[in-house]
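This report describes how the helices of one protein chain pack against each other and how a few individual residues are placed within the fold. The overall make-up comes at the start, followed by helix packing, an aromatic pair and two single residues.

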Amino acid sequence: SLLTGPVPFTLGREGMLTSEFGKMDLSAIRLLGLWLAAVMVLALNIGQAWHYAKRYPFHLCFLFLAALSLFWTPSLAYGTRMFAKLSSPVLFILLIMVVVSEKRQFATMERLFLIGGIAAMVAAVLIYLAGVTRDEVGLTLPSTSPALFSAYLAVIAMVVFARLNTSAGNRATNGLLFLCLVAGIIAAFTRITIGALFIGISAMMWCASRGLFRFVLPIGGLFGLVALFVVSDTFRNRMFMDGGSITLMSLVEDPSGAFSRVHGSGRYEAWGTVLEKFGPKKAMAFGM
């Protein structure tokens with residue numbers, strides 16, 4: 001699964017099975033199988049799993065709240081899918097802590113990550129050059145959204161960046177591979193993934209650096225993220241409505257005005273409704 005993570009197991013948009021959990025394609029079924037497998041392994045090692053789980057009290061409290069929300073969800077099917085997605089990262093890290101016990105196993109996992117990422121990157125470029133995905137908004141694999149593809153590459157890029165700060169492998173090779181992965185992420189043209197990459201790399205530089213560099217490097221990375229969406233005409237027009245009028249100076253002088261013109265989606269409207277209904281003023285009215 002680590003090796004074939006981005007492979008689009010699908011029969012097309014219409015090739016979905018209808019179940020009690022809504023429509024599911026082959027990739028979703030595989031993910032559900034992995035989720036159930038993790039639960040089964042942890043259940044068979046419940047003592048050891050609980051020993052590690054106690055280290056993440058905030059994660060457990062959050063998942064408990066998410067589980068409680070299933071009692072008033074308007075759709076139990078999609079509420080259950082939501083809970084599976086939210087619990088997967090915690091289950092995965094607990095599974096690794098319970099099952100993996102030797103450094104060579106970690107090395108094998110790392111190699112699988114790298115092989116899968118490199119293969120996905122090369123395949124996406126070749127498929128694009130062949131004209132199969134040329135109509136997509138950004139670089140991706142067939143039947144895979146650029147957001148999902150670039151998120152996968154972002155994880156691989158952070159693994160390679162960690163290798164740059166250790167003795168794992170040749171630094172020049174890791175550096176070149178890191179630059180190629182970053183280029184692939186930017187070519188996927190997904191704003192959230194690009195932002196996550198910059199923030200993740202900045203956090204890693206903050207943890208790995210000492211002295212003045214501990215602050216200069218992360219701040220430089222965050223400024224690089226802002227510069228990408230302001231200096232580049234392509235990314236500026238992608239980020240802002242009427243992007244031609246957005247400059248670095250206007251962003252500094254009127255940040256709220258610039259952010260109000262960000263190209264959004266339904267989630268922005270949803271957050272506006274949520275904040276209006278449950279925002280600070282409403283909370284104060286209830287004495288919170």
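Buried residues account for 30% of the 288 residues in the protein, and the model from which this value is computed is a predicted one. The secondary structure consists of 14 helices and two strands. Of the contacts in the protein with a separation of 6 or more, 54% join residues that are 24 or more positions apart.

**Helix packing**

Two packed helices are described by the angle between their axes and the distance between the axes. The table gives these values for two helix pairs, together with the handedness of each crossing.

| Helix pair | Angle | Axis distance | Crossing |
|---|---|---|---|
| Helix 5 and helix 6 | about 130° | 10 Å | left-handed |
| Helix 3 and helix 4 | about 165° | 10 Å | left-handed |

Helix 5 and helix 6 pack at an angle of about 130°, which makes helix 5 oblique to helix 6. On the side of helix 5, the contact is made by E110, F113, L114, G116, G117, A120, M121 and A124, while helix 6 contributes F149, Y152, L153, I156, V159, V160 and R163. By class, the residues of this contact of helix 5 with helix 6 divide into 11 nonpolar, two polar and two charged; the charged residues are E110 and R163, and the polar ones are G116 and G117.

Helix 3, which covers residues 57–69, and helix 4, which covers residues 76–99, pack at an angle of about 165°, and helix 3 is therefore roughly antiparallel to helix 4, since angles over 145 degrees are counted in that way. Here H59, F62, L63, A66, A67 and S69 of helix 3 meet M82, F83, L86, S87 and V90 of helix 4. The contact of helix 3 with helix 4 has eight nonpolar and three polar residues, and no charged residues.

**The aromatic pair**

How many aromatic pairs does a search of the whole structure find? The search finds one, formed by F161 and F178, whose rings are tilted with 5.4 Å from centre to centre and 45° between the planes. F161 lies in helix 6 (residues 146–164) and F178 in helix 7 (residues 171–188), so the pair ties together parts that are 17 residues apart in sequence. Both partners fall under the 20% limit for burial: F161 is buried with a relative accessible area of 11%, and F178 counts as buried at 13% relative accessibility.

**Two single residues**

T133 is found in the loop between helix 5 (103–129) and helix 6, and is T133 buried or exposed there? At 5% relative accessibility, T133 counts as buried. If residues up to four places away in sequence are left out, T133 touches I127, Y128, T140, L141 and P142.

A203, by contrast, is found in helix 8, which covers residues 191–208, and is partly exposed, with a relative accessible area of 41%. A203 and R214 are 11 residues apart in sequence, and the distance between the two in space is 9.6 Å, taken from C-alpha to C-alpha.

Methods:
Residues are numbered from 1 along each chain as its sequence is written. This is a predicted model: local features need pLDDT of at least 70, side-chain atom pairs count only at pLDDT 80 or more; totals for chains, interfaces and linings use all residues. Side-chain values use heavy atoms; hydrogens and water are left out. Rings of Phe, Tyr and Trp (its six-membered ring) pair if their centres lie within 6.5 Å; planes under 30 degrees apart count as stacked, over 60 as edge-to-face and the rest as tilted. Helices (H or I, at least four residues) and strands (E, at least two) are DSSP runs, numbered from the N terminus. Buried means under 20% relative accessible area, exposed over 50%, partly exposed in between (1.4 Å probe, protein chains only). Contact means heavy atoms within 4.5 Å. Axes are lines fitted to C-alpha atoms, for helices over the stretch in contact, and angles run from 0 to 180 degrees between N-to-C directions. Angles under 35 degrees count as roughly parallel, over 145 as roughly antiparallel, 65 to 115 as roughly perpendicular and the rest as oblique. A crossing is left-handed if the near helix is turned anticlockwise from the far one by less than a right angle, and right-handed if clockwise.
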